[in-house]
Amino acid sequence: MTADRTESSDATNARSSEGSSPAPGGPGRRTLLSLAATATLTGALGALPAFTASAAPRRPAAAEDAPADPRHTLWWQAPADEHSMISQGLPVGNGRLGALASNDPGRELLLVTDATMWTGGLNDTLDADGQFPYDRDDFGSLTLLGRLTVDLPGHDLSAVHGYRRTLDLAQGVLTTTYTRGNVTHRREIFASRPDDVIVVHLTQSGGGRHTGTVTLEGTHGEAPAPSFGGALSNGLRYGAAVTVRADGGGRVRVRGTRIDFDGCPELTVVLSGGTNYAPDARTRYRDPALDPEHLARTKVRAAAGHPASTLRRTHVADHRALYGEFALDLGTSTPQQRALDTWERVRYRAESGVPDPELESAYVQFGRHLMISGSRGSLPLGLQGLWLDGNDPDWMGDYHTDINVQMNYWMADRTALSPCFDALTDYCLAQLPAWTDTTGRLFGDPRNRYRNSSGRTAGWTVAISTNPHGGGGWWWHPAGNAWLCNTLFEHYEYTLSRAHLERIHPLLKGACAFWEARLVATTVPGTPGEVLIADSDWSPEHGPLDAKGITYAQELVWALFGNYQASCRELKKDTAHAERIGALRERLYLPRVSPRTGWLEEWMSPDNLGETTHRHLSPLVGLFPGDRIRPDTSTPEDIVAGATALLTARGMDSYGWANAWRALCWARLKNAEQAYRLVVGNLRPSTDGGNGTAFNLFDIYETGPGRGIFQIDANFGTPAAVVEMLLYARPGHIELLPALPAAWAGSGSVTGVPVRGGFTVDLSWRDGTPVAARIHSTGGRTTTVTHGDTSRTVSLAPGTSVTLKGFHR
């Protein structure tokens, strides 16, 4: 292995993003109607202005006007049925405000969601069985903010031809084109984070005009209006507003409950909205001074003061600043595959069994689009992310802490979207005061089957389900605190951000305090002295409800204690406590292999006490996301064999998120073909509500015969598995191509991959062997890079790089 070293600053090595945020304003002449003038003209609802310009502005030449890269473009030949939006509508979002769009030429429908539009509350009571109420009244639910429709009479699908809609993943822009008569119409939809609005922009070529109506409706009993506000039964205030700008002529006016437009060559619809949710337990998660409706009106007024081209450039520059940090090439698809639209390609891939590497790469990038669109500056992504089709999502669209919210964020750091992880950190910190208080008051309650037998309670933990109001739902989840903390600490391992570590340290400390009070001393045959095991618990989500020392808890607590010790060392604090936790860690019982099944034990029992093919891989958390169990000399061979046997028994056909977890585990075991089979299995088309991929690439979870629902975690877990197949890393160790399947082995590359320990990697390969690997330090100093029997220790100063070549099979 040879090395080419380069010295460079972080700024020099940063990946370029197309465009930059323009100065406020833009070209073209426009007239801004005053509020008073609008009221006079319309005679009703003059609080929101409409905008007209006497001449169409000349759009400057811009990079985003170039043809979209087909490798980063998904496209369809039919719009969504408004009754099947969750499986057919296309998603846009700015990190907190999202929408599903129908792209119907005659009736554009947007189902709009704000991440904080939650019913329910603190929910700090237990029922007779020791559970938190888990319903839409007490626990609450994520709900829609509103419905926006843009009606264009005469543009029905039957009256147009050449229909096509595309989702440009690289720019975060949704485009619909079609021809009516001799006029070609183009419609773009995007959700801008800088301007905090959703934009629908209609243009045409051939002298056409747009005539129709815009209607905004709430989903909690509000009458249609250009702006509305209200309050949920929990006191959360919300509001939304829309306005319309015409360029190049025509007329726009508010008429009663809607906005009419007539004879407009170019039209821009701008929407915003939100709630007065605040991430502060001291104010009961509310900002009493915030008027959401007024704020929404202010935002749409400000955004509509600029031409759509300016709003678009600003949005694209912001989106690409994240999207452009990572690139993936898994090989070249055939011309026949490329000629198919996205849904036809999904179906053909499943029916033919022929690999489609560009489709498989695009699926990873679709997950990144969802992450950029759904997790910035607000609450983290829950079970359905930021996209709903009604006010009654299954499981309330909540945060499941026994896998789903963690899986949602496995891909963030792995695909260069570390800023998107902050929403999860912010959420946990905002909830910590409520979680700590509820744990102190209720975990020791006699109704709680999982209470500590010591009679002591300290620190904090969570329920299996959580909401954004400090509340829990369903059962207590004792090990949930450890899993959340380990996820937060892993983010530190990627970023080496001391500021992040300072923020999460109280979470780690409180979780360790909880386990100090919970661990039970016991003796185990064949083990000298006493060991520490977790008190009575449930191995999610099957088997007995009162098992002690479940592998799931033992592995998570072992990792938690180690992470807390590392945090104390780095921050130079809580030294005595860290030593005490270290001593407890040394005494933790760690799982064995059952002499009866040959599997890694799940319940400190040689017998399997649950479902053989259960969806959860709870006893394998030490394999993934942990890495205590790994197929190298540090792990006893019988433990690796037992983990492999258990994974094999769990099977290869489950729900999308369960398949993603399986793929990640097989990648850790370096079984490329098993991992690949699960990845492409998640790309199979969902039919009749079955497990698989929907028309719009959302993952569908079969809840019963003929009924499937959207659950977003597989859309994030599967991309994480793809990256893990190409690159495995832990602090101090990078392994190249640990699980490269034959379908991708010919040639390919991945660039901008962050790895734990403070490095990024650019990797290319040919015939299954690395051609070159560029290791760039983002703060790390020393790591070992391996491929097969080849190994090289790399030492770098932060901001410098080295390129390694000369690998052998």
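These are my notebook entries on a few helices, strands and single residues that I looked up in a predicted model.

**Entry 1: helices α5 and α8**

I began with helix α5, which covers residues 308–323, and helix α8, which covers residues 357–374, and I found that they pack at an angle of about 125° with their axes 11 Å apart. Angles over 145 degrees would count as roughly antiparallel and 65 to 115 as roughly perpendicular, and α5 and α8 are therefore oblique to each other. The crossing of α5 past α8 is right-handed. I then listed the contact residues, and H319, L322 and Y323 on the α5 side meet Q365, R368, H369 and I372 on the α8 side. By class, this contact of α5 with α8 holds three nonpolar residues, three polar ones and one charged one.

One residue of α8 seemed worth a further look, and I asked myself whether H369 is buried or exposed. H369 has a relative accessible area of 1%, so I noted it as buried. Leaving aside residues up to four places away in sequence, I saw that H369 touches P91, L167, L169, G172 and H319.

**Entry 2: helices α14 and α15**

Next I turned to helix α14 (residues 551–571) and helix α15 (residues 575–587), whose axes come within 9 Å and cross at roughly 155°. Angles over 145 degrees count as roughly antiparallel, and α14 and α15 therefore have that relation to each other. I recorded a left-handed crossing for α14 past α15. From α14, the residues W558, F561, G562, Y564, Q565 and C568 meet H577, A578, I581, G582, L584 and R585 from α15. Sorted by class, the contact of α14 with α15 has seven nonpolar, four polar and one charged residues.

**Entry 3: strand β7 and its partners**

I looked up strand β7, residues 107–114, and found it mostly covered, with seven of its eight residues buried. Which strands does β7 pair with? Strand β6 (residues 97–101) pairs with β7 in the antiparallel sense over five bridges, and strand β8 (residues 146–151) pairs with β7, also antiparallel, over six bridges. On the β6 side, A99 stands opposite V112 in β7, while on the β8 side D151 is the bridge partner of R107. The hairpin of β6 and β7 has five residues between the strands, and there N103 takes a positive phi near 60°.

**Entry 4: residue I533**

I found I533 in strand β24, which runs over residues 530–533. With a relative accessible area of 5%, I533 is buried. Its C-alpha atom is separated by 6.8 Å from that of Q554, although the two residues are 21 residues apart along the chain. Not counting residues up to four places away in sequence, the residues that I533 touches include R518, L519, V520, Y589 and M604.

**Entry 5: backbone details**

Most residues other than glycine have a negative phi, and most peptide bonds are trans, so I checked for departures from both. W395 has a positive phi, near 55°, and sits in the loop between α8 and β20; its relative accessible area of 29% makes it partly exposed. D688 also has a positive phi, near 55°, in the loop between α18 and β27, and with a relative accessible area of 67% D688 is exposed.

For peptide bonds, I noted that P540 and E541 are joined by a cis bond with omega about -10°, E541 lying in the loop between β25 and β26. The bond from F624 to P625 is cis too, with omega near 10°, and P625 has its place in the loop between α15 and α16.

Notes: Residues are numbered from 1 along each chain as its sequence is written. This is a predicted model: local features need pLDDT of at least 70, side-chain atom pairs count only at pLDDT 80 or more; totals for chains, interfaces and linings use all residues. Side-chain values use heavy atoms; hydrogens and water are left out. Axes are lines fitted to C-alpha atoms, for helices over the stretch in contact, and angles run from 0 to 180 degrees between N-to-C directions. Helices (H or I, at least four residues) and strands (E, at least two) are DSSP runs, numbered from the N terminus. Angles under 35 degrees count as roughly parallel, over 145 as roughly antiparallel, 65 to 115 as roughly perpendicular and the rest as oblique. A crossing is left-handed if the near helix is turned anticlockwise from the far one by less than a right angle, and right-handed if clockwise. Contact means heavy atoms within 4.5 Å. Ala, Val, Leu, Ile, Met, Phe, Trp, Tyr, Cys and Pro count as nonpolar, Asp, Glu, Lys and Arg as charged, and the others, Gly among them, as polar. Buried means under 20% relative accessible area, exposed over 50%, partly exposed in between (1.4 Å probe, protein chains only). Two strands pair if DSSP finds at least two bridges between them.
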